[in-house]
Amino acid sequence: MARIVLPSALRPYANGAKEFDVDAPTLRAALDTLRDRSPALERRLRDERGTLRRYVNFYIDGNECRTLDGVNTPLTATTELMIIPAVAGG
């Protein structure tokens, strides 16, 4: 089971959960499972077409998914997926 780790900024949309374990072969499937478990989180991760929001980074075992195969990046039982929204300000 891949593990999805959420930062504190996203936890309110996931009923306070810090992490989820999902059985999914790809990032897309993992996000679909996460959507089913926490629908409020979906709007913050993907747009209405299902495209990853550009201000959210998805790190798969330390590598940003956009440098891999995007939503088609395969996941394994030992994968750690960290979802990190960009922080702006100054």
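**An open sheet, a crossing helix and a salt-bridge network**

N15 counts as exposed, because its relative accessibility is 74% and the cut-off for that label is over 50%. This residue belongs to a predicted model, and its place is in the loop between β1 and β2. The backbone at N15 has a phi near 55°, which is a positive value in a residue that isn't a glycine. D61 is another non-glycine residue with a positive phi, here about 50°. D61 sits in the loop between β3 (56-60) and β4 (63-64). With a relative accessibility of 45%, D61 counts as partly exposed, because that label covers values between 20% and 50%.

Next comes the overall layout. The chain contains two helices and five strands, and reading along the sequence gives the pattern β-β-α-α-β-β-β. A compact globule of 90 residues would have a radius of gyration near 12 Å, and the chain agrees with that, at 12 Å. The C-alpha trace spans about 35 × 30 × 25 Å along its principal axes. Of the 90 residues in the chain, 39% are buried. The accessible surface adds up to about 5400 Å², and carbon and sulfur atoms account for 50% of it. As for who touches whom, take the contacts between residues at least 6 apart in sequence: 47% of them join residues at least 24 apart.

Now for the sheet. The five strands form an open sheet with mixed pairing, and their order is β2-β1-β5-β3-β4. The edges belong to β2 and β4; each has a single partner strand, so one side of each has no neighbour in the sheet. Strand β1 (residues 2-5) pairs with strand β2 (residues 19-22) over four bridges, in the antiparallel sense. Within that pair, R3 has D21 in β2 as its bridge partner. β1 also pairs with strand β5 (residues 80-85), this time in the parallel sense and over three bridges. There, I4 stands opposite L81 in β5. R3 and I4 come one after the other in the numbering, and a general rule about strands is handy at this point. In a regular strand, side chains alternate between the two faces of the sheet. Moving along the sheet, β3 and β5 run antiparallel and are joined by five bridges. One place to look is N57, which stands opposite I84 in β5.

The sheet also has a helix for company. Helix α1 lies across β1, β2, β3 and β5, and the helix runs at about 120° to β2.

What about charged side chains? The count of salt bridges comes to eight. One of them joins D21 and R3, with the closest N and O atoms 2.9 Å apart. D21 lies in strand β2 and R3 in strand β1, so this pair ties together parts of the chain that are 18 residues apart in sequence. Recall that R3 and D21 are bridge partners in the strand pairing as well. The two residues also have their own accessibility values: D21 is partly exposed, with a relative accessible area of 32%, and R3 is partly exposed too, at 33%.

Other salt bridges turn up in helix α1. D32 and R35 both lie in α1 (residues 27-37), three residues apart, which is about one turn of the helix. Their side chains meet in a salt bridge, at 3.3 Å from N to O. R35 has a second partner in D36, with an N to O distance of 3.4 Å. How exposed are these residues? D32 has a relative accessible area of 25% and is partly exposed, and R35 is partly exposed at 33%. D36 reaches 57% relative accessibility and so counts as exposed, because the label starts over 50%.

These pairs are part of a wider arrangement: D32, R35, D36, E42 and R46 are linked in a network of salt bridges. Within that network, R35 forms a salt bridge with D32 and another with D36.

Conventions. Residues are numbered from 1 along each chain as its sequence is written. This is a predicted model: local features need pLDDT of at least 70, side-chain atom pairs count only at pLDDT 80 or more; totals for chains, interfaces and linings use all residues. Side-chain values use heavy atoms; hydrogens and water are left out. Two strands pair if DSSP finds at least two bridges between them. Buried means under 20% relative accessible area, exposed over 50%, partly exposed in between (1.4 Å probe, protein chains only). A salt bridge is a side-chain nitrogen of Lys or Arg within 4 Å of a carboxyl oxygen of Asp or Glu. The radius of gyration is taken over C-alpha atoms; the globule rule is 2.2 Å times the number of residues to the power 0.38. Contact means heavy atoms within 4.5 Å. Accessible areas come from the Shrake-Rupley method with a 1.4 Å probe; for residues, only the protein chains shown count as cover. Axes are lines fitted to C-alpha atoms, for helices over the stretch in contact, and angles run from 0 to 180 degrees between N-to-C directions.
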